[in-house]
Amino acid sequence: MADEETKDFFRKIIFTNEEILKLRILLYSLKIRALNAQILSANSGSFAASYGVVSAEIIHFNHKIQEVNERLTKAITIVIKMASEMQKVNKVYHLLHEAVETCQTRKVNPSHYKNIESSLRFRSEEKEMLDSQLKKEFNAIHNLVKSSTKLCLEGRTVSLQTRIESASIVENQKLFLAVAESFDGALNIIEASYRYLAKLW
C-alpha cells in the first residue's frame with residue numbers, strides 16, 4: 001500500500017471501530033429496556049402477553065446486530081494483520097529493489113546479484129498476493145456492512161409490531177411506548193451507522 005492508501009486504511013479502521021463501540025453501547029441499553037419490557041409484560045397479565053413476544057423479537061434482533069459487529073471486528077483484525085505484513089514486505093521489497101538498481105548503475109556483473117534479483121521477484125509476487133487478499137477482505141467487510149443495512153428492514157418490521165402492541169395495551173402503556181420509541185430511535189442510529197460504513201468501505 002502507498003502512503004495515502006495506508007492513511008486511508010487506518011482512517012477506515014478508526015471510524016469503523018468508533019461506530020462499533022457506539023453501537024455496542026446502544027445495543028446494551030436497548031437490550032436492558034427490552035428485558036424490562038419482557039418482565040413487565042409477564043407481570044401485567046394476559047392482555048400484555050403479546051408484548052412479551054415483541055420484546056423477545058427486539059432481543060433477537062439485538063443479538064443479530066451484535067453478531068454482525070463481532071464478525072466485523074474479526075474481519076478488521078484480520079485486515080490489520082495483513083496490512084502490517086504488507087508493510088513489512090514493502091520495506092524489504094524496496095530495499096531489494098534499491099540494491100538491484102545500485103548494482104545495475106555500477107555495472108556489477110549480473111551473476112553477482114542474481115540472488116538479490118531472485119528475492120526481489122519473490123517479494124514482488126508476495127506483494128501481489130497480499131494486495132489481492134487485502135482487496136478480498138475489504139470486499140468482504142463491504143458486503144457484511146451492506147447486508148447489515150438489509151437486516152435493518154427486519155428491525156423495521158419489529159418496530160412496527162412494537163408500536164401496534166404498545167397502542168393496544170392500557171396498563172403501563174407509557175412504559176411500553178417508551179420501549180417502542182427507544183427501539184425506533186436505536187434502529188435509526190444502527191441503520192445510519194451501517195450506511196455510513198458501507199460508503200466508507
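Start by selecting R163 in this predicted model. R163 is partly exposed, with a relative accessible area of 31%. Now add D184 to the selection: the two side chains meet in a salt bridge, 3.5 Å from N to O. This pair links distant parts of the chain, with R163 in helix α3 and D184 in helix α4, 21 residues apart. Is D184 buried or exposed? At 19% relative accessibility, D184 counts as buried, because the cut-off for buried is under 20%.

**Along helix α4**

Next, pick R195 and E191. R195 forms a salt bridge with E191, and the closest N and O atoms are 3.1 Å apart. The two residues are 4 apart in helix α4, so about one helical turn separates them. Compare how they sit: R195 is partly exposed at a relative accessible area of 48%, while E191 is buried at 12%.

Keep these residues selected and add R156. Which residues does the network of salt bridges join? Through shared partners, R156, R163, D184, E191 and R195 all belong to one network.

**The two helices together**

Zoom out and color helix α3 (residues 114–168) and helix α4 (residues 173–200). Their axes come within 9 Å and cross at roughly 165°. Angles over 145 degrees count as roughly antiparallel, so that is how α3 runs relative to α4. The crossing is left-handed. If you display the residues where α3 contacts α4, you will find 13 nonpolar, 9 polar and 6 charged ones.

**Over to helix α1**

Now travel to helix α1 and select D8 and R11. Their side chains meet in a salt bridge, at 2.6 Å from N to O. Why are D8 and R11 separated by about one helical turn? They are 3 residues apart in helix α1, which accounts for that spacing. D8 counts as partly exposed at 27% relative accessibility, and R11 is partly exposed too, with a relative accessible area of 38%.

You have now visited some of the salt bridges; the structure holds 10 of them.

**A last look at confidence**

Finish by coloring the protein by pLDDT. The mean is 85, and 95% of the residues reach 70 or more. Among the elements, which helix has the lowest mean pLDDT, and which the highest? Helix α1 (residues 3–43) has the lowest, 82, and helix α2 (residues 49–105) the highest, 88. As you explore further, remember that predicted coordinates should not be read in detail where pLDDT is low.

Methods:
Residues numbered from 1 in each chain as written. Predicted model: local features only at pLDDT ≥ 70, side-chain atom pairs only at ≥ 80, totals over all residues. Heavy atoms only, no water. pLDDT = per-residue confidence, 0-100. Axes fitted to C-alpha atoms, helices over the stretch in contact; angles between N-to-C directions. Parallel < 35°, antiparallel > 145°, perpendicular 65-115°, else oblique. Left-handed = near helix turned anticlockwise from the far one by under 90°. Nonpolar A, V, L, I, M, F, W, Y, C, P; charged D, E, K, R; others polar. Salt bridge = Lys/Arg side-chain N within 4 Å of Asp/Glu carboxyl O. Buried < 20%, exposed > 50% of the residue type's maximum accessible area, 1.4 Å probe, protein only.
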